[in-house]
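Let's take a walk through this model, strand by strand and then outwards. Keep the 3D view open and follow along.

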Number of protein chains: 2
Amino acid sequence: MKNIFAEIITIGDEILYGQITDTNSGFMSQALDQIGIKVKRMTSISDDEEEILTALQEAQQRADVVLLTGGLGPTKDDITKKTLAKYFNTKLVEHPEALQMITDYFEKRNRALPSNLRTQALMPQSCEVLFNRLGTAPAMWFAQGGKAVVSMPGVPQEMEILMNEMVIPKIISLFETPVIYHKVIKTFGAGESMLSQVIEQWEDALPPHMKLAYLPTWGEVKLRITATGADKASLEEEVEIEVQKVVPLIQKYVYGYDRDELESIVGDLLKSQGKTISTAESCTGGFIGHLFTKIAGSSAYYEGGIISYSNAVKMSQLGVQSDTLDTHGAVSEQTIIEMAEGVRKKLNTDIGVASSGVAGPGGGSPEKPVGTVWIAYADGIKTSTRKLSLTNDRLINIRMTSYIVLDLIRRKLKA
Amino acid sequence: MKNIFAEIITIGDEILYGQITDTNSGFMSQALDQIGIKVKRMTSISDDEEEILTALQEAQQRADVVLLTGGLGPTKDDITKKTLAKYFNTKLVEHPEALQMITDYFEKRNRALPSNLRTQALMPQSCEVLFNRLGTAPAMWFAQGGKAVVSMPGVPQEMEILMNEMVIPKIISLFETPVIYHKVIKTFGAGESMLSQVIEQWEDALPPHMKLAYLPTWGEVKLRITATGADKASLEEEVEIEVQKVVPLIQKYVYGYDRDELESIVGDLLKSQGKTISTAESCTGGFIGHLFTKIAGSSAYYEGGIISYSNAVKMSQLGVQSDTLDTHGAVSEQTIIEMAEGVRKKLNTDIGVASSGVAGPGGGSPEKPVGTVWIAYADGIKTSTRKLSLTNDRLINIRMTSYIVLDLIRRKLKA
């Protein structure tokens, strides 16, 4: 079986100026990876005819499938459609069905069709039009000599639905694809170099068709095993054997696999143990609550929380003693204990967790520099605390504290 | 003056597999843009010698500056350093100062230097070593024939400090750069096509050295004017004249400029009016609180909030009547009014805002489908409410609701 390669081209000055972050490329490459197609290269270029023509030509030489996003809007800087017509030596014609879709789109919203939007129904004559049910720009599928070029709108939601519902099925029907199998082991609380030392011997002994990669982010390291072969079932089995060897070496850091997220793992533990939880947040300001509630179904275990940003709210809503605040300050072990125990009692839950710290960039002192954070876990039997020394960056401190609190809950529930 | 072009190459299988989102490219291009260097192309490739050599060669043909990130870690899949040594036909030698930095890095953390980390001090002989004070991988600066190639670690924090403190100053001293001036007008609450119709005549009359782009995200559209010329002061003046013409046409949607964020604009308004605020969140689960508290200094106006995820918490902490919940449900105008007024009173603030909705994907009904959200704003004189009909996506609903609440606060404070 022949390997199928893809390239991704994202078009838009806003990407090159750094004004938006390109998340489309990642989504498309994940979707291609799922069907065994390897992305060789991702390229971002500007809304410029010459750039688009050159990049497309280069990509078509290297790859079987080229996916493009961006430049399909109704405004003057959007030139992808007419550039593709030029590239494929075809002309733009009004597409009756596309026009109908656009008209319906505005009718459903009780708005008149803006005159400039009629151009959205002009499509290159030689392409297959893929309809977009979220917006006014249809996608285009060009097939030529066993290769495909697909152009989609840059709005992530629109591209994602088009990929899932139309583009991926069409790619599968056009190519016979090899098997790539990934397994990701997710760890929290250990550094990359520490892990790599512990598992070095195992890594060196991996069979040649398997590859290991370390993907570190703040507090978390993902270990990705990638295996290539012809048969999915045997690859899965072979990788599973390796997973069984390596996980015992790093057991206490492993919180999950593949698409597991710490927030849903913690949710599953709470649900399976029938426990409820509440949050008392100072420096994290609601972010721990957000991590709980971004998971669908979290109402089964998450009751709610108090964002006690000011000392007044710490006292009035959580029952923190003014003496405690006066003597030890808001960022202290004594305060964090009263916060966690207070929210647990106030919201009548099995567990209460709390955060209080100097998120920065201001507010630090020699004794409590920026990045000093206290967290606590109260379950009615014992209240555990931990002092963290994080970074100088406010947002990183908020995020890291929140995930460290989740990991603390996980370890407590596992104990 | 000659235009200076740059290209950015990010290296890492994890990017091509879509397992991490590349935010480094955006940061680097913003930094280059600030000094008038235009990024022509961004490319992501895998940790593969051949790919790195080819991409680098191509980029060097088109650009004056090539920035690379990634592949500098201590693990086996990191091959950027030795590939660069090959590309520049030089060898790797142990760099005493680099070794010292790495040794110090571990000493400061009271940990022994892991044996595999000694290789981090091997550097290509012909490069200038740029030290990284956050991690163990130094950056490399190669200058050749008036062009530069810079290789930096892929960890965003490390790359950012290296860019700001060393790479950008070195680029400025190597090149004479032209002037590119951007002005971004930020709007909330109007769609791209609606805005483009309203300002079409103005857009058509823009002078040829100015370009307009629309950057839509959910609920928000940024209008970016880009002007190119020789002199910054006159560009600024010319762009300002255009801004003065266009803003009155779209006044009520404009919330700020350039790096203004809705959350800080709202914070500034609260601060300047000496008002305090609190939040009562159900479907947004703490995200509005997070938007307030991610802004440094928000303790001047944000007292805190109640995350009333369960009905029990809505009643016990906010004083919502059980009758109201029984008769109208948690997602209703009556409940949202009691929530906003309740938190305002309970936390003793000038303003209280609230959210309650069906975030999805489950929990919808014919009467209240997924995406139905109520928001409220209470200031002690009048309580205003708004019903939203959003999407089927849980996270988008959480984010959009939170930003629409911020925009509601902005409009109320401006009224």
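Start at one bridge pair: A:V65 has A:A148 as its bridge partner in β8(A). Keep in mind that what you have on screen is a predicted model. That pair belongs to a longer match, since β3(A) and strand β8 (residues 147–152) of chain A pair in the parallel sense over 5 bridges. Now look at what β3(A) does with strand β1 (residues 5–11) of chain A: here too the pairing is parallel, over 5 bridges. On that side, A:A6 stands opposite A:V65. In general, strands of a sheet pair through backbone hydrogen bonds, either parallel or antiparallel.

Is strand β3 of chain A buried or exposed? Of its 5 residues (65–69), 5 are buried, so the strand is largely enclosed by the rest of the structure. As a general point, side chains in a regular strand alternate between the two faces of the sheet. You can follow this in β3(A): A:V65, A:L67 and A:T69 point one way, A:V66 and A:L68 point the other way, and all are buried.

Next, zoom out to the sheet that holds these strands. It is an open sheet of 12 strands with mixed pairing, and its order is β6(A)-β7(A)-β8(A)-β3(A)-β1(A)-β2(A)-β2(B)-β1(B)-β3(B)-β8(B)-β7(B)-β6(B). At the edges sit β6 (128–130) of chain A and β6 of chain B, each pairing on one side only. Ignoring direction, neighbouring strands are turned by 15 degrees against each other on average. Take the chain A edge: β6(A) pairs with strand β7 (residues 139–144) of chain A in the antiparallel sense, over 3 bridges. There, A:V129 stands opposite A:M140.

Where does the sheet pass from one chain to the other? Look at strand β2 (residues 38–45) of chain A and strand β2 (residues 38–45) of chain B, which run antiparallel and are joined by 3 bridges. One pair to click on is A:M42 with its bridge partner B:S44.

That brings us to the contact between the chains, which takes 62 residues from chain B and 62 residues from chain A. On the chain B side, strand β14 (residues 302–308) gives the most, with 7 residues. Sorted by class, that side of chain B has 26 nonpolar, 26 polar and 10 charged residues.

Stay in chain B for a helix. Helix α6(B) lies across β3, β6, β7 and β8 of chain B, running at about 175 degrees to β8(B). Follow helix α6 (residues 156–174) along its length and you'll see a bend of about 50 degrees at B:M163. B:M163 is also one of the buried residues of α6(B), together with B:E158, B:M159, B:L162, B:V167 and B:I171. What do they pack against? Their partners in chain B are α2 (24–34), β3 (65–69), β6 (128–130), β7 (139–144) and β8 (147–152).

There is another open sheet to find in chain B, with 4 strands in the order β10-β11-β9-β12 and antiparallel pairing. Its edge strands are β10 (210–217) and β12 (254–257), each of which pairs on one side only. In this sheet, neighbouring strands are turned by 20 degrees against each other on average, direction ignored. Inside it, strand β9 (residues 179–188) and strand β11 (residues 220–229) of chain B pair in the antiparallel sense over 10 bridges. Look for B:V184, which stands opposite B:R224 in β11(B). Lying across β9, β10 and β11 of chain B is helix α9 (residues 232–246), running at about 25 degrees to β9(B).

Finally, step back to chain A as a whole. Its secondary structure comes to 15 helices and 17 strands, and its C-alpha trace spans about 80 × 60 × 40 Å along the principal axes. Of its 415 residues, 48% count as buried. Among the contacts in chain A with a separation of 6 or more, 65% come from residues 24 or more positions apart. The domain assignment splits chain A into domain 1 (5–174), domain 2 (179–257) and domain 3 (264–414). Taken over C-alpha atoms, the centres of domain 1 and domain 2 of chain A are separated by 35 Å.

How values were computed. Residues are numbered from 1 along each chain as its sequence is written. Chains are lettered from A and ligands numbered from 1 in the order in which they are written. This is a predicted model: local features need pLDDT of at least 70, side-chain atom pairs count only at pLDDT 80 or more; totals for chains, interfaces and linings use all residues. Two residues are in contact if their C-beta atoms, placed from the backbone, lie within 7 Å. Helices (H or I, at least four residues) and strands (E, at least two) are DSSP runs, numbered from the N terminus. Ala, Val, Leu, Ile, Met, Phe, Trp, Tyr, Cys and Pro count as nonpolar, Asp, Glu, Lys and Arg as charged, and the others, Gly among them, as polar. Two strands pair if DSSP finds at least two bridges between them. A residue is buried if 20 or more other C-beta atoms lie within 10 Å of its own, exposed if 12 or fewer, and partly exposed in between; C-beta atoms are placed from the backbone. The bend at a residue is the angle between axes fitted to the seven residues ending there and the seven starting there. Axes are lines fitted to C-alpha atoms, for helices over the stretch in contact, and angles run from 0 to 180 degrees between N-to-C directions. Domain bounds come from an automatic or database domain assignment.
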